[in-house]
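Reader: Hi! I'm in my first year and still learning to read protein models. Could you take me through the salt bridges in this one, slowly, and show me where the partners sit?

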Amino acid sequence: MLALRSTLVVDALDAPALAAARTTAADAVLIDLAHPSVQGRRDEARAQARRAAQAIAKAGRPVLARVSSTVTDEMEADLDGVVGAVSYFVPSKVFRPPL
């Protein structure tokens, strides 16, 4: 993988920003599925993120997705929603049980 000098972070529900991300000068685009704005609109956010990720990838940019925390019930659905459309996943928080 190339070193990323810049990453554009875009809310998964911000359609104008997702469209603009296709022509960004940033080295990569991170679509944020864990942003507070997606609460209550997760299915819509996942679908929009998947479509945008495919379009951005066709433009030659690596696409990452920030997914929900490991302690929520949403992480697996976030992963399922965009798998195959993004190159990398970034968990919003990782918790491990105490020793």
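Author: Sure, and let's get our bearings before zooming in. Keep in mind that this is a predicted model. The protein has three helices and four strands. If you walk along the chain from the N terminus, the elements come in the order β-α-β-α-β-α-β. The radius of gyration is 13 Å, close to the 13 Å that the globule rule gives for 99 residues, so the protein is as compact as a globular protein of that length. Along its principal axes, the C-alpha trace spans about 45 × 30 × 20 Å.

A bit more background helps here. Of the 99 residues, 37% are buried. Look at the contacts with a separation of 6 or more: 57% of them are between residues 24 or more positions apart. On the outside, the accessible surface comes to about 5,900 Å², and carbon and sulfur atoms account for 56% of that.

Now for the charges. There are 12 positive and 11 negative ones, and the mean positions of the two sets are 6 Å apart. Searching the whole structure turns up eight salt bridges. Let's go through some of them.

Start with Asp27 and Arg5, a salt bridge whose closest N and O atoms are 3.1 Å apart. Asp27 sits in the loop between helix 1 (15–20) and strand 2 (28–32), while Arg5 belongs to the segment before strand 1 (7–11), so this pair ties together parts that are 22 residues apart in sequence. The two partners have quite distinct surroundings. Asp27 has 17% relative accessibility and counts as buried, because the cut-off for buried is under 20%. Arg5, on the other hand, is exposed, with a relative accessible area of 75%.

Next, find Asp32 and Arg66, whose side chains meet in a salt bridge at 2.9 Å, N to O. Here the pair links distant parts of the chain: Asp32 is in strand 2 and Arg66 is in strand 3 (residues 63–67), 34 residues apart. Asp32 is buried, at 6% relative accessible area, whereas Arg66 is partly exposed, at 26%.

The third one to look at is Arg42 with Glu74, where the salt bridge is 3.8 Å from N to O. Arg42 is in helix 2 (residues 42–58) and Glu74 is in the loop between strand 3 and helix 3 (75–82), so the pair ties together parts that are 32 residues apart in sequence. With a relative accessible area of 12%, Arg42 is buried. Glu74 comes out as partly exposed, at 28% relative accessibility.

Stay with Arg42 for a moment, since there is more to see around this residue. Arg42, Asp43, Arg46, Glu74 and Asp78 are linked in a network of salt bridges. If you leave out residues up to four places away in sequence, Arg42 touches Leu33, Ser68, Glu74 and Asp78. Glu74 and Asp78 therefore turn up twice for you: they are in the network, and they are also on the list of residues that Arg42 touches, with heavy atoms within 4.5 Å being what makes a contact.

To retrace your steps on screen, go from Asp27 and Arg5 to Asp32 and Arg66, and finish at Arg42 and Glu74.

How values were computed
Residues numbered from 1 in each chain as written. Predicted model: local features only at pLDDT ≥ 70, side-chain atom pairs only at ≥ 80, totals over all residues. Heavy atoms only, no water. Helix = DSSP H or I, 4+ residues; strand = E, 2+ residues; numbered from the N terminus. Rg over C-alpha atoms; globule rule 2.2 N^0.38 Å. Buried < 20%, exposed > 50% of the residue type's maximum accessible area, 1.4 Å probe, protein only. Areas by Shrake-Rupley, 256 points an atom, 1.4 Å probe, with all protein chains shown as cover. Lys, Arg positive; Asp, Glu negative; His and termini not counted. Charge placed at Lys NZ, Arg CZ, Asp CG, Glu CD. Salt bridge = Lys/Arg side-chain N within 4 Å of Asp/Glu carboxyl O.
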